[in-house]
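Me: I would like to go through the labels given to this model and see what each one rests on. Please keep the answers short.

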Amino acid sequence: MISIHNLAKKYDNKTVLDNLSLDFQTQETTVIVGPSGSGKSTLLKSLNLLVRPDSGTLSIDDLTIDFATKISKTTSQKLLQKTSMVFQNWNLFPNLSVIENITIAPIENLHQSKDIAFTKAKKLLELVNLSDYENYYPQQLSGGQQQRISICRALAMEPEFILLDEPTSALDPELENQVLRILTDLSHKKQSMIIVTHNMEFAKLVADKIIFLEAGKIIFNGQSEEFFQKPSPRIEQFLSKMTLEKD
Ligand SMILES: Nc1ncnc2c1ncn2[C@@H]1O[C@H](COP(=O)(O)OP(=O)(O)OP(=O)(O)O)[C@@H](O)[C@H]1O
Ligand SMILES: [Mg+2]
């Protein structure tokens, strides 16, 4: 479980995260939703130290980080082994093949043998239906395929949580569905995930828990069924706007 307590972040005196406290459970998919600018990406990136909150704490297993103090390299490396961000396709190494992209970090950072790393990578490629593509290079793949490789790359590090920020925003609808299907499969397999998305249909399908953020505050933190089936007036307004925007 990841627990955050009183997480706060300001940019130029503007409060972006307003003393957030919440838990993200393992073996569950938590989906973060909310209006543009509400702090969703900032919150997600804080869990992977891509953003440093000004204050507050983050705990996962026996590791606790106090953002008000300096974070040692050992501590940040420990956190980065537990949470892995799925970057969008431009983060694949263009000069490495698909299988090399997936295995480079396990070999270099986790000190896995090449044999073990390749065997695991092949299993991951099977999982995302890309077994035939292990020797391709990123530029030979569609956006959806590259995004699925990015998911394999994050999973290859065997993190506790994978983090995804609008995983399909750059994809056309057909490719989007390929990626959403893989993520739904992973969710059913109890991979712990935290996903930011504007796609409410996907959120409904994949989420165990929903966090609704507005202006850096938690407006809702609970079960997905409750969010969609018994929305408060504010959530109902948000949901109807999201549906209208899609039309
Ligand atoms: N590096 C930065 N410098 C200054 N302000 C920032 C920075 N990053 C984010 N912000 C501000 O923080 C607020 C929250 O941004 P964030 O990216 O977390 O929103 P979001 O909920 O992910 O929005 P969206 O749905 O549009 O992606 C916004 O007002 C944004 O302008
Ligand atoms: Mg964002």
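**Strands and rings**

Reply: This is a predicted model. H5 has T57 as its bridge partner in β4.

Me: What makes strand β1 (residues 2-11) and β4 a pair?

Reply: Two strands pair with at least two bridges between them. β1 and β4 have 5 bridges, in the antiparallel sense. Therefore they count as paired.

Me: How do you know that β4 and strand β5 (residues 63-66) pair?

Reply: The requirement is at least two bridges. β4 and β5 have 4, again antiparallel. S59 stands opposite T64 in β5. In the hairpin of these strands, D61 takes a positive phi near 50°.

Me: Why is the pair of Y133 and Y136 called tilted?

Reply: Ring centres must lie within 6.5 Å, and planes neither under 30 degrees nor over 60 apart count as tilted. Y133 and Y136 are 4.7 Å centre to centre, with 50° between the planes. So the pair is tilted.

Me: Why does Y133 count as partly exposed?

Reply: Buried means under 20%, exposed over 50%. Y133 has 23% relative accessibility, so it falls in between. Y136, at 34%, is also partly exposed.

Me: What makes the pair of F212 and F238 edge-to-face?

Reply: The limit is planes over 60 degrees apart. Their planes stand at 65°, with centres 4.8 Å apart, so the label fits. F212 lies in strand β9 and F238 in helix α9, so the pair ties together parts that are 26 residues apart in sequence. Both residues are buried.

Me: What makes R153 sit over the ring of F93?

Reply: The distance cut-off is 6 Å from the ring centre. R153 lies over the face of F93 at 5.5 Å, so it is within that limit.

Technical notes. Residues are numbered from 1 along each chain as its sequence is written. Chains are lettered from A and ligands numbered from 1 in the order in which they are written. This is a predicted model: local features need pLDDT of at least 70, side-chain atom pairs count only at pLDDT 80 or more; totals for chains, interfaces and linings use all residues. Side-chain values use heavy atoms; hydrogens and water are left out. Rings of Phe, Tyr and Trp (its six-membered ring) pair if their centres lie within 6.5 Å; planes under 30 degrees apart count as stacked, over 60 as edge-to-face and the rest as tilted. Buried means under 20% relative accessible area, exposed over 50%, partly exposed in between (1.4 Å probe, protein chains only). Helices (H or I, at least four residues) and strands (E, at least two) are DSSP runs, numbered from the N terminus. A charge sits over a ring if NZ of Lys or CZ of Arg is within 6 Å of the ring centre and within 35 degrees of the ring normal.
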